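Hello,

Here is the structure I promised to hand over. Please have a look at it first, and then read on for my notes.

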Amino acid sequence: WTEGTIADAENSLTELAALAETAGSQVLEGLIQRRTRPDPATYIGRGKVDDLGAVVLSTGADTVICDGELSPSQLRNLEQRTKVKVVDRTALILDIFAQHAKSKEGKAQVELAQLQYLLPRLRGWGETLSRQTGGSGRGGGAGGGVGVRGPGETKLETDRRRIRHRISRLRREIKNMRTVRVTKRARRTRNSIPAVAIAGYTNAGKSSLLNRLTDAGVLVENALFATLDPTTRKATASDGRIYTLSDTVGFVRHLPHQIVEAFRSTLEEVAEADLVVHVVDGTHPDPEEQVRAVHEVLAEVSADRLPELLVVNKTDAADEDTLLRLKRLWPDAIFVSAYSGRGIEDLRSAIEDRLPQPAVEVRAVLP
Ligand code: GDP
């Protein structure tokens with residue numbers, strides 16, 4: 001369900017299908033429902049649930065992915081009616097982020113977002129929130145143990161409490177990691193080391209490019225870099241200047257608010273960069289839409305005024321017509337393939353050309 005036209009809904013559904021494939025699913029069929037607003041009980045409405053049930057049966061699908069955020073009860077109702085697993089857009093995106101998170105901080109951020117999504121959706125086994133009074137329920141379930149729970153307390157409450165604890169712990173950890181990162185960043189700024197942020201839509205090939213550009217796996221024995229997060233690496237320009245290259249979180253349209261909140265500090269760091277290398281997937285059916293989505297997120301963290309270098313990746317797999325069209329559309333973009341290495345040298349020099357020049361120290365000498 002979107003506020004726009006059927007065409008908007010179709011685009012959004014195409015994107016959802018691509019995201020589902022990114023997450024490792026095989027997409028069987030799409031279904032669009034036109035409504036003025038989502039049905040409170042089933043999101044898509046009674047009649048459409050029957051259609052959906054029929055599609056599930058005929059295709060043998062084991063999952064339904066819904067383009068939008070379902071309320072906990074909508075999700076439950078849909079699962080009961082279709083008899084298969086139901087996932088909404090937010091859960092799908094969280095899943096992709098979980099697969100892609102590589103750094104310790106990134107992993108903690110995804111877990112935080114997942115728990116925040118889970119908390120209001122938590123239900124006990126079975127439909128009723130059976131009160132665990134007396135002996136029967138004690139000691140089982142969440143592992144609280146005998147005597148830990150107060151009288152009449154439900155297992156669900158225990159689970160919620162544990163999740164809340166974990167959430168506040170993750171928040172603390174993320175805050176600490178952020179402090180460390182900010183300190184390191186400040187040290188690099190003092191040493192006038194320019195920072196380049198690699199941004200782009202999820203799956204555009206950001207990490208592959210980062211690896212290409214920085215000789216991944218080479219541990220740099222330098223106090224300034226040795227303990228860097230794996231997503232920030234040191235690169236050396238042809239004139240010997242050094243700079244950092246950072247991989248950022250992947251962007252998608254309508255990034256769930258849990259993700260934006262959890263990743264805010266990482267996203268905000270993009271705003272501190274001297275240059276944004278914006279990677280676009282040349283094989284994507286609608287690269288312009290991806291570019292718009294990335295710009296939206298960049299604007300949200302005030303990183304939209306930074307100098308930007310557009311890079312079209314996967315030229316090895318993209319079709320020629322698309323590439324020609326994109327070249328006309330973005331004459332200044334660099335076309336590369338992280339796979340074959342094509343265009344990487346051009347990209348390197350384009351980055352170097354755009355690095356800020358070292359500040360010249362001027363001192364007035366008083367007579
Ligand atoms: P990220 O999510 O933007 O960091 O993207 P990744 O670097 O993880 O790459 C996403 C997917 O695209 C992976 O399956 C890569 O193997 C693939 N990929 C990355 N670069 C290229 C490329 O130049 N050509 C092709 N054909 N595939 C690529």
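Below is what was found in it, going from the whole chain to single residues.

Please keep in mind that this is a predicted model. The protein chain holds eleven helices and eight strands. Of its 367 residues, 31% are buried. If you take the contacts between residues at least 6 apart in sequence, 65% of them join residues at least 24 apart.

Let me start with the domains. The domain assignment splits out domain 1, covering 6-95, and domain 2, covering 194-354. Their C-alpha centres lie 32 Å apart. Where the two are in contact, domain 1 contributes eight residues and domain 2 contributes nine residues. On the side of domain 1 that touches domain 2, helices α1 (6-22) and α4 (89-100) each supply at least two residues. The largest share there is that of α1, with five residues. By type, this side of domain 1 is made up of three nonpolar, four polar and one charged residue.

Next come some strands that you can follow one after another. Strand β6 (residues 275-281) runs parallel to strand β7 (residues 308-313), and six bridges join them. One pair to look for is H278 with its bridge partner L310 in β7. Helix α9 (residues 287-300) belongs with these two strands, since β6, α9 and β7 make a right-handed β-α-β unit. From β7 the chain then passes through helix α10 (residues 320-329) to β8, again as a right-handed β-α-β crossover. Strand β8 (residues 334-335) pairs with β7 in the parallel sense, over two bridges. Here V312 has F335 in β8 as its bridge partner.

There is also a ligand to look at. Which residues come nearest to it? Of the 17 residues around the ligand, they are G205, K206, S207, S208 and A338. Helix α7 (residues 206-214) gives the largest share of this shell, three residues. The shell divides into ten polar, four nonpolar and three charged residues.

Finally, three single residues deserve a visit. Two of them concern the backbone angle phi. Most residues other than glycine have a negative phi. K83 is not a glycine, yet its phi is positive, at about 65°. You will find K83 in the loop between α3 (72-82) and β2 (85-88). Is K83 buried or exposed? K83 counts as exposed because 9 other C-beta atoms lie within 10 Å, and the cut-off for exposed is 12 or fewer.

N203 also has a positive phi, of about 80°, although it is not a glycine. Its place is in the loop between β3 (195-200) and α7, the helix with the largest share of the ligand shell. N203 is buried, because 22 other C-beta atoms lie within 10 Å and a residue needs 20 or more to be called buried.

The third residue is E300, which lies in helix α9. With 14 other C-beta atoms within 10 Å, E300 falls between those two cut-offs, so it is partly exposed. The C-alpha atoms of E300 and L267 are separated by 9.2 Å, while the two residues are 33 residues apart along the chain.

I hope this helps you find your way around.

Best wishes

Methods. Residues are numbered from 1 along each chain as its sequence is written. This is a predicted model: local features need pLDDT of at least 70, side-chain atom pairs count only at pLDDT 80 or more; totals for chains, interfaces and linings use all residues. Two strands pair if DSSP finds at least two bridges between them. Helices (H or I, at least four residues) and strands (E, at least two) are DSSP runs, numbered from the N terminus. A crossover is right-handed if, with the strands pointing away from the viewer, the path from the first strand over the helix to the second runs clockwise. Domain bounds come from an automatic or database domain assignment. Two residues are in contact if their C-beta atoms, placed from the backbone, lie within 7 Å. Ala, Val, Leu, Ile, Met, Phe, Trp, Tyr, Cys and Pro count as nonpolar, Asp, Glu, Lys and Arg as charged, and the others, Gly among them, as polar. A residue is near a molecule or strand if its C-beta atom, placed from the backbone, lies within 6 Å of it.
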